[in-house]
Each structure stands twice: as C-alpha cells, then as structure tokens.
Amino acid sequence: MNKKRNKRKKRNERNKPIKDMSTVKIALITGANSGIGYGVAQRLLDHSAKNTNEQFKIVLACRNKTRAIDAQNALLKEFTGGLVEIVLVDVSSVKSVFECCKEVKKRFNRIDLIFCNAGILPCTHVDWSVVAKQLVFSPIALMSRTDCIVQPVGKTTAEGLGETFACNVFGHYVMIRELENLLIKTKNSRIIWTSSCTATKENFNLEDYQAIKENAPYESSKRMTDLIAIGLNSRLNKHDIYSFATHPGIAATNIVRDHLGWVMGYGMLIGLFAARTFLGMRNQTVTNWNGSYSNYYVATQPIDLLNNAAIKKFGSYCNRFGEVYVDTDDIEDYNEVETEALFNKLNKLLDEFRVKYNIKS
C-alpha cells in the first residue's frame, strides 16, 4: 500500500502548472466515465505527468452527468494538476451529438484526438447451452467470442435508427463530420475507433447496415467500425487527419456487468485470468488499463510509424504474466467498393438528420 502511495505522490509531483496552453493536445473521449475510455484517460494523464513536452487535456464525453463528474474527480485525485473537462452527449441520439458538437466548437478552436469509444453490447439473455458446449469442446471460443450472448433483434432508438448502430457507429460518424474543421486546425490529428477482435465480415450486411434485422448487431457495428476507420484514413490524409482502428482484446468492462450483472461479471473476470494464464490466450487483457493500451499507443506514436499499417487494426495483447503490448491484425477482406457504398449510405442519412434538426453542413 505504501508503494502505491509513493508512486501516486511521485506522479502528482510531476503534474506542474503548464505555462503554454497552446501546446496542450485536446483529446475527446466518448464513453470515458468507465471501461476502456476511462483507461485511455488515465494513460494520457499518466503520459502528461511523465512527459512535460507532451501534455493532454482530456474531454470526457459522457451521457450521464453524475458518472462523468465522479470520473473527473477520480482522475483529478489520481493525477493532481491534470486537465480534465466534461461534455455531455448520448452518442445514440443524433440530436444529442449535434448539441455536443456545438458546445465543443464554443469551447475549443481545435481538437487533436477523437476517441470513438462509447459502445453497447445489447443482451437479452445468456444461452447457457452454448456456454456448456463451448466449455467442454472449445474453451478458447468461449473466452474470445460472444456466441453465448443472445442479442435483441429489431431494437431501434427514438429517432428510428438501429440502436447498436446508432451508439457504436453513427453517433461517432456524425461527431467526426461535425468536428472535422477543428481536426484540420492541428497537425497530425487522429481519429481512433475502438473496434473489437470479434468483428468479422460475415456479421455485416450492407443492405441491412443498421443491423435491425440481424441477430448480431454488435459484431456488425464493429465490422462497420473497421471499414469506416480505414476508409476515413485514406480520405482525410490530405487534410493531415489520420484515422485508425484499435481493439482492447478481451477485458472485463462494464459492457458485460451492465447487462449480465456483477456475478456474471466477476465470473468472466476469473475466466479471463485463467484463459490467459493456463491457455496462453494473449488477447485476454482483462483490465481496462491493459485494454486501453492500443488506443494510447496510436495516440502517442509517430504518425509515419502508424500509417505504414494502413489496413491494419492495432490490438492490445498480454503475455501469461499480464505484460501488455500492441500487435497489428489484418482487417479481414477490406473492400474499398463496399466501404464507398457504406459512406454513401452514412452521408445520405447524415444529410437527412441535418435537415431534420436544421444543421448547416
């Protein structure tokens, strides 16, 4: 316990007042009050504490004000002197995203990083027959896939969008398009999408891109995330804006506990540790701190190093002893024609909402 206090004391001592705020990088993180988003905020503030020549101001973009304030207070307690602000947004609501972007434009004249991190994995129940079968015949699949989670079909938002699509994908796409002019105003600005190692092409159907009729809307949204992240990179590089896909490995985040309860959440936590230790599964990152490492890596590494892996996804991995590192994964069968068709659909939908809410493009 004393060692932890000493580490925190040393960390806080390095958080000295910043003389030139114009050099501070502004990082907006959606879903930042918990999970991977909170881990990203911690890592960037820790980086600021250790690197006086590269400082970050964290903007926690959260839906729940109380939870956002709690997260802000916890971060400032851990990183005394850190720069942390809050902006409220429900990324599943296009109207809320427009209002959030309006507020961001009032506060800041530039944005250096946008972490498209907020997301949901909707669940109606767990199929225990799948759990039992995989536990016996394929424990690796049990600890790395979502086959046992039964997701709702046909669930939509008040605005008529597929719920998972709206939260995981479209809200972030709207945010990027609305804040693009702020990203242009800084050098090597970055858009970092939190994808998943469960994203596969068979779960995505362009004709039902909102996955309203699909039984795996989460996996569909993450496949879409990969396509958009890579597609935006090639389209925005001319403006010195770069877009990347990452994944956190398999971490015991609130995305499980919120739907399945604390008992299932702790059961998953034990399973992840066991899978990493005894089965050697390197994607079992377990904690938010470990899972957020790929996002942090993409945020802080030289752009030339990252852009050499243009059609790759940066993933967080751990060895048996919990030591975290980044590796790159192929984006399965990336197709530019399919991506262009997807952008056409997204842009058409965005235009409809701009008209609906009287937003000038």
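Buried means under 20% relative accessible area, exposed means over 50%, and partly exposed lies in between (1.4 Å probe, protein chains only). The model is predicted, so local features need pLDDT of at least 70 and side-chain atom pairs count only at pLDDT 80 or more, while totals for chains, interfaces and linings use all residues. Residues are numbered from 1 along each chain as its sequence is written, and side-chain values use heavy atoms, with hydrogens and water left out.

**Exercise 1. Cysteines and burial**

Task: Find how many disulfides the structure holds, and decide whether C116 is buried or exposed.

Solution.
- Step 1: A disulfide is a pair of cysteine sulfur atoms within 2.5 Å. The structure holds 0 of them.
- Step 2: C116 has 2% relative accessibility, so this cysteine counts as buried.
- Step 3: C62 can be handled in the same manner: its relative accessibility is 1%, and therefore C62 is buried.
- Step 4: For the wider setting, buried residues make up 55% of the 361 residues in the protein. The accessible surface comes to about 17000 Å², and 51% of that belongs to carbon and sulfur atoms. These areas come from the Shrake-Rupley method with a 1.4 Å probe; for residues, only the protein chains shown count as cover.

**Exercise 2. The sheet and its helices**

Task: Work out in which order the 8 strands of the open sheet run, and which helix touches β7, β8 and β9.

Solution.
- Step 1: Count the elements. Helices (H or I, at least four residues) and strands (E, at least two) are DSSP runs, numbered from the N terminus. The protein has 13 helices and 10 strands.
- Step 2: Two strands pair if DSSP finds at least two bridges between them. In general, strands of a sheet pair through backbone hydrogen bonds, either parallel or antiparallel.
- Step 3: The order of the open sheet is β3-β2-β1-β4-β7-β8-β9-β10, with mixed pairing. Its edge strands are β3 and β10, each of which pairs on one side only. From one strand to the next, the twist averages 25°.
- Step 4: Look at one pair: β2 and β3 run in the parallel sense over 6 bridges. Within it, K57 has L83 of β3 as its bridge partner.
- Step 5: Now add the helices. α8 packs on the sheet and touches β7, β8 (241-247) and β9 (312-318), its direction making about 155° with that of β8. Helix α11 (residues 293-300) also packs on the sheet, touching β2, β4 (113-116), β7, β8, β9 and β10, and its direction makes about 165° with that of β7. Contact here means heavy atoms within 4.5 Å; axes are lines fitted to C-alpha atoms, for helices over the stretch in contact, and angles run from 0 to 180 degrees between N-to-C directions.

**Exercise 3. Salt bridges across the chain**

Task: Explain why the salt bridge of E54 and K25 ties together separate parts of the sequence, and find which residues are linked in a network with K57.

Solution.
- Step 1: A salt bridge is a side-chain nitrogen of Lys or Arg within 4 Å of a carboxyl oxygen of Asp or Glu. The whole structure has 17 salt bridges.
- Step 2: E54 and K25 form one, with their closest N and O atoms 2.7 Å apart. E54 sits in the loop between α2 (35-50) and β2 (56-62), and K25 in strand β1 (residues 25-30), so the pair ties together parts 29 residues apart in sequence.
- Step 3: Check their exposure. E54 is buried at 17% relative accessibility, whereas K25 is partly exposed at 26%.
- Step 4: K57 and E85 meet in a salt bridge at 3.2 Å, N to O. This pair links strand β2, which holds K57, to strand β3 (residues 83-88), which holds E85, 28 residues apart. K57, E85, E103 and R107 are linked in a network of salt bridges.

**Exercise 4. The surroundings of V40**

Task: Find where V40 lies and which residues V40 touches.

Solution.
- Step 1: V40 belongs to helix α2. Its relative accessibility is 1%, so V40 counts as buried.
- Step 2: Leaving out residues up to four places away in sequence, V40 touches I29, F115, S292 and N295.
- Step 3: V40 and Y296 are 256 residues apart in sequence, yet 6.2 Å apart in space, C-alpha to C-alpha.
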